[in-house]
Amino acid sequence: MGSSSLGDLHFLCFQHHGEMLAKTTEPVVYACQKPGCLVHYENTRGYFLDTTDPVTLKQEILPRVSCPTDGQPMYLAEVQPERRNFRLWKCPKCGATLTNEESTVGRKMGAGDPLS
Ligand SMILES: [Zn+2]
Ligand SMILES: [Zn+2]
């Protein structure tokens, strides 16, 4: 609540690393600008694909990085072209950051996620 500086956030598509733009406002959903890309991001859900096609949904592995402080789904905020594996994740709620060089991100996602 209150005045966090949402204007400064850069949501990157986890596939193309291009900046995503707000597509709707209530709730705010960010969409990748690459034609044909289904990657979207919403604060409460994290990354999701804008499709109901089960085949596509099955093929695509969504990153599930959550904030160690408040459990909020984090978004990809920065990549470094010269370091292929580098990812900087950021929490939209408290601004905490995490890189995949810290242990939590590298963990396999999937079963047993206590969220939701
Ligand atoms: Zn994309
Ligand atoms: Zn947080």
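**Exercise 1: the core.** In this predicted model, find how many residues the largest nonpolar core has, and which of them have the most contacts inside it.

*Solution.* Start with the count: the largest nonpolar core has 18 residues. Next, look for the best-connected members, and you land on Met20 and Met74. Now ask which strands feed this core: β2 (29–32), β3 and β5 (75–80) each supply at least two of its residues.

**Exercise 2: around Met74.** Skip the neighbours within four places in sequence and list what Met74 is in contact with.

*Solution.* Go along the chain. You first pick up Val65, Ser66 and Cys67. Carry on and you also get Trp89, Lys90, Cys91 and Leu98.

**Exercise 3: the sheet.** Work out the strand order of the open sheet of 4 strands, and name its edge strands.

*Solution.* Write down the order: β1-β2-β3-β4, with antiparallel pairing. Then check who pairs on one side only: that's β1 (20–24) and β4 (46–49), the edge strands. For the twist, neighbouring strands are turned by 35° against each other on average, ignoring direction. Finally, zoom in on one pair: β3 (residues 39–42) and β4 run antiparallel over 4 bridges, and Glu42 sits opposite Gly46 in β4.

**Exercise 4: Leu9.** Decide whether Leu9 counts as buried, partly exposed or exposed.

*Solution.* First locate Leu9: you'll find it in the segment before β1. Count its C-beta neighbours inside 10 Å and you get 18. Being buried takes 20 or more, and exposed means 12 or fewer, so Leu9 counts as partly exposed. One extra step: Leu9 and Ala77 are 68 residues apart in sequence, yet their C-alpha atoms are 7.7 Å apart in space.

Conventions. Residues numbered from 1 in each chain as written. Chains lettered and ligands numbered in written order. Predicted model: local features only at pLDDT ≥ 70, side-chain atom pairs only at ≥ 80, totals over all residues. Pairing = 2+ DSSP bridges. Axes fitted to C-alpha atoms, helices over the stretch in contact; angles between N-to-C directions. Core = buried A, V, L, I, M, F, W, Y, C linked by C-beta atoms within 7 Å. Contact = placed C-beta atoms within 7 Å.
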